[in-house]
Amino acid sequence: MIDKVVPDIDEAIADIADGATVMIGGFGRAGQPVDLIDALIRHGARDLTIVSNNAGNGDVGLAALLKSGRVRKVVCSFPRQTDSWVFDGLYRAGEIELELVPQGNLVERIRAAGAGIPAFYTPTGVGTQLYADAETREFGGREYVLVEALRADVALIQGYRADRLGNVQYRKTARNFGPPMASAATTTIVQVDEVVPVGALDPESIPTPGIFVDRVVPVGWRAWTPDGEYAGGLVDVNGEPVETEGKG
Amino acid sequence: MATRISRGELAARLAQDIPDGAYVNLGIGAPTLVADHIPEGREINLHTENGMLRMGPAPDAQHVDPDLINAGKQPVTELPGTSYFNQAESFGIMRGGHLDVCVLGAFEVSQHGDLANWSTGEPGSIPAVGGAMDLAIGAKRVYVMMDLLTRDGRPKLVAECAYPLTGRRCVARVYTDHGVFDVTPDGFALVDAFGETTVAELEELLGLPLVDARTPVE
């Protein structure tokens, strides 16, 4: 029987090696697999290259991983945010390497790796300093730059629901990098709020089919989905509890 | 004397140019104001780069959902007919030329339509580009919404950009607090001037010749 469910989160990430390239899903805090990241911090793998859209928010999740000093390099599109003080400090101190990639090229490099395409031409970034040394070519009178696919040893992703076959559904805009990253890593590990029986997920709505997923880790409901469904008025946009006093 | 209009008035002016049924991406910051000024009777579809079409307005405090945010990482809502999709598809929507209009902020726009809006190149600053380069080259019409002058009075419409480019020859039209300018093969063309602003005044402010393309008032 196929069973990709690994209930012990530390066991699920135990084989991440020093020097690994690790994709981490999420756009800001939405879709960031915070429980898997916390497990990776406990695990202690170092000299990591992290591929993620941003470079951490506040002091939790990806920011905490950066703060642990185990990340050598970040490949991302938008490190600078109002709450990216951990990355900002490391970058200014010269303690972390940054490869800045326009967001669409970043995700297409990831998608290409998962789809068996080693490189592709893109119009994004033509004539900019990010591609000053890139190979260019004209198609139909328009100039394009050649960029290479980007794969990883491990992808860490946050889903909503999954089954033991590794079929994953996401919730709203937390889907973001999940499907392309799941396809582009040697080992894909997905944390989900709930594991459901095979057959319970609508086959017409499975953004990440199980073939892309190696391990599924149930972590329980999040604060704003206390019984599996959204409940309003409980958290702010960062997922922090809000003052409920005086609420009717 | 030149006359300026407010951000809200400018957003309302820009919104007049977005046709019914359009697929639109509004960049973070001032461009998001355009959504509040879509004329009555027009239905538009807002796209947000993090993977959603038919994005609705901000929720009240009782309906904030951390899984439902926009490109600026602010909470938003669904409209009936909303769809969610992954980042590869979302940027395919941009790069593939499917968006009718995008509205971006800018540091500078050149008379050739070059856009600089992602980096001032200051030493010690942390570079961040996000989806700016994809939007700049992807939408059918790229509109810029910005002040005409910097705080210290330098023009942001320029002969050549000094800041690092976001995209080459990509801007169609620039909406500023002094007037609206099209990018044409002959340079900037003034299509709308606010208040009593004259072409000569704007040419002096910018240090650039302007084509007067204003529709004559009847």
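I count two strands as paired if DSSP finds at least two bridges between them. The model I am reading is a predicted one.

Entry 1, a strand pair. I looked up β1 (residues 21–24) and β8 (residues 152–158) of chain A and found them paired in the parallel sense over 3 bridges. I then asked which residue of β8(A) is the bridge partner of Met23(A). The partner is Ala155(A).

Entry 2, the sheet. I followed the pairing outward in chain A and got an open sheet of 7 strands, in the order β4-β3-β2-β1-β8-β11-β13, with parallel pairing. At its edges I find β4 (97–100) and β13 (215–218) of chain A; each has a single partner strand, so one side of each is left without a neighbour in the sheet. Ignoring direction, I note an average turn of 20° between neighbouring strands of this sheet.

Entry 3, chain A overall. I list 6 helices and 13 strands for chain A. The C-alpha trace spans about 60 × 45 × 40 Å along its principal axes. For the radius of gyration of chain A I have 19 Å, which agrees with the value near 18 Å for a compact globule of 248 residues. I count 50% of the 248 residues of chain A as buried. Among contacts in chain A with a separation of 6 or more, 73% join residues 24 or more positions apart.

Entry 4, the contact between chains. I find 45 residues from chain A and 36 residues from chain B in the contact. On the chain A side, α4 (85–92), α5 (103–114) and α6 (178–183) each supply at least two residues. α5(A) gives the most, with 5 residues. By class, I note 19 nonpolar, 16 polar and 10 charged residues on the side of chain A that touches chain B.

Methods:
Residues are numbered from 1 along each chain as its sequence is written. Chains are lettered from A and ligands numbered from 1 in the order in which they are written. This is a predicted model: local features need pLDDT of at least 70, side-chain atom pairs count only at pLDDT 80 or more; totals for chains, interfaces and linings use all residues. Two residues are in contact if their C-beta atoms, placed from the backbone, lie within 7 Å. Ala, Val, Leu, Ile, Met, Phe, Trp, Tyr, Cys and Pro count as nonpolar, Asp, Glu, Lys and Arg as charged, and the others, Gly among them, as polar. Axes are lines fitted to C-alpha atoms, for helices over the stretch in contact, and angles run from 0 to 180 degrees between N-to-C directions. The radius of gyration is taken over C-alpha atoms; the globule rule is 2.2 Å times the number of residues to the power 0.38. A residue is buried if 20 or more other C-beta atoms lie within 10 Å of its own, exposed if 12 or fewer, and partly exposed in between; C-beta atoms are placed from the backbone.
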